[in-house]
Amino acid sequence: MDDVTVRLRGLAKSYWRGPLEIPVLTGIDLEIPRGGYYALMGPSGSGKTTLLNLIAGIDRPSGGELEVCGHALNGLNDDDLAGWRSRNVGFIFQNYNLVPVLNAYENVELPLLLQDLGRAERRERVLRALSLVNLSDRMHNYPRQLSGGQEQRVAIARAIVHDPELIVADEPTGALDAKNAEEALILLEHLNQELGKTIVLVTHDPKAASHARFQIHLEKGVLDRTVEVHDRPTLPRLLP
Ligand SMILES: Nc1ncnc2c1ncn2[C@@H]1O[C@H](COP(=O)(O)OP(=O)(O)OP(=O)(O)O)[C@@H](O)[C@H]1O
């Protein structure tokens with residue numbers, strides 16, 4: 001098994017306004033090892049979300065090479081890319097992106113419906129994921145019946161229920177108060193430390209970024225520097 005989850009070579013992304021090319025990312029070279037935890041930082045408009053979306057296969061590069069979870073994404077057609085995403089990537093967004101007409105259980109079950117699993121197996125996995133985020137007692141609640149912190153924990157359960165290698169999180173604490181933000185960040189750290197998930201986190205918040213092992217700074221679409229984070233706390237085990 002490859003020990004690198006993300007390998008980018010000369011990655012570039014431009015948008016076009018009529019004939020005018022607007023480069024957003026240029027010449028990005030990056031390797032993120034399996035089990036790594038990287039925070040993408042940089043000023044507004046520096047290209048953080050664009051880079052995250054390329055890594056997660058929800059957008060296509062304009063140039064360069066992109067190998068993620070053992071697959072060269074450039075070579076996949078749209079259907080194969082969607083299939084690849086559904087097996088390999090868990091998504092966490094600032095605004096949770098839960099489906100309002102589904103309860104917590106059904107929201108977490110969603111990624112499993114794309115896989116060939118029986119109902120009993122799905123149930124076991126959903127219950128395990130909800131228990132991990134400490135929301136077993138809320139599984140029948142709809143998003144409107146949950147607090148913001150609880151909604152984000154449901155979203156975290158949804159991001160891991162299909163056991164992806166990679167978790168991408170775009171400003172996951174942006175809409176949370178300090179206490180709920182810290183809880184969500186500690187959960188992410190458990191997923192990294194105990195389940196070995198590779199995590200790429202986009203954040204403006206230095207406190208959130210301090211949970212990562214490396215911070216990558218983007219500046220006007222190029223990688224400016226990578227900084228190792230020292231003195232990360234070792235967490236007590238969460239999982240049995
Ligand atoms: N679909 C699009 N079409 C045209 N330009 C875009 C598109 N998406 C992003 N951009 C531009 O690309 C640049 C980088 O955007 P991106 O969202 O990646 O930055 P960011 O660093 O995540 O910013 P923020 O911290 O404000 O979220 C911005 O100038 C933005 O306007």
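**Exercise 1.** In this predicted model, find which residue of β8 stands opposite Ala 169, and then work out how the strands around β8 are paired.

*Solution.* Begin with Ala 169, which stands opposite Leu 201 in β8. This belongs to the pairing of β7 with β8, which is parallel and extends over five bridges. Next, turn to β3, which runs parallel to β8 and is joined to it by four bridges; here Leu 201 appears again, as the bridge partner of Ala 39. Leu 201 of β8 therefore has Ala 169 opposite it and Ala 39 as a bridge partner, and strands of a sheet pair through backbone hydrogen bonds, either parallel or antiparallel.

**Exercise 2.** Determine the order of the strands in the open sheet of six, and state which strands stand at its edges.

*Solution.* The order across the sheet is β6-β7-β8-β3-β9-β10, and the pairing is mixed. Because β6 (89–93) and β10 (222–228) each have a single partner strand, they stand at the edges, and one side of each is left without a neighbour in the sheet. From one strand to the next, the twist averages 20 degrees. At the β6 end, five bridges join β6 to β7 in a parallel arrangement, with Phe 91 opposite Val 168 in β7. Further along, strand β3 (residues 37–41) runs parallel to β9 (residues 214–219) and is joined to it by four bridges, and Tyr 38 has Phe 214 of β9 as its bridge partner.

**Exercise 3.** Are the residues of β8 and β6 mostly buried or exposed, and which helices lie across these strands?

*Solution.* Take β8 before β6: five of its five residues are buried, so β8 is largely enclosed by the rest of the structure. Both of its faces are covered, with Thr 198, Val 200 and Val 202 buried on one side and Ile 199 and Leu 201 buried on the other. Helix α6 (residues 178–193) lies across β3, β7 and β8, and runs at about 150 degrees to β8. For β6, four of the five residues are buried, so this strand too is largely enclosed, while helix α5 (residues 148–160) lies across β6 and β7 at about 165 degrees to β6.

**Exercise 4.** Which residues surround the ligand, and how do they divide by class?

*Solution.* The surrounding residues include Tyr 15, Val 24, Gly 42 and Lys 48. By class, the shell holds two nonpolar, seven polar and one charged residues. Its largest share, three residues, comes from helix α1 (residues 48–55).

Methods: Residues are numbered from 1 along each chain as its sequence is written. This is a predicted model: local features need pLDDT of at least 70, side-chain atom pairs count only at pLDDT 80 or more; totals for chains, interfaces and linings use all residues. A residue is near a molecule or strand if its C-beta atom, placed from the backbone, lies within 6 Å of it. Helices (H or I, at least four residues) and strands (E, at least two) are DSSP runs, numbered from the N terminus. Ala, Val, Leu, Ile, Met, Phe, Trp, Tyr, Cys and Pro count as nonpolar, Asp, Glu, Lys and Arg as charged, and the others, Gly among them, as polar. Two strands pair if DSSP finds at least two bridges between them. Axes are lines fitted to C-alpha atoms, for helices over the stretch in contact, and angles run from 0 to 180 degrees between N-to-C directions. Two residues are in contact if their C-beta atoms, placed from the backbone, lie within 7 Å. A residue is buried if 20 or more other C-beta atoms lie within 10 Å of its own, exposed if 12 or fewer, and partly exposed in between; C-beta atoms are placed from the backbone.
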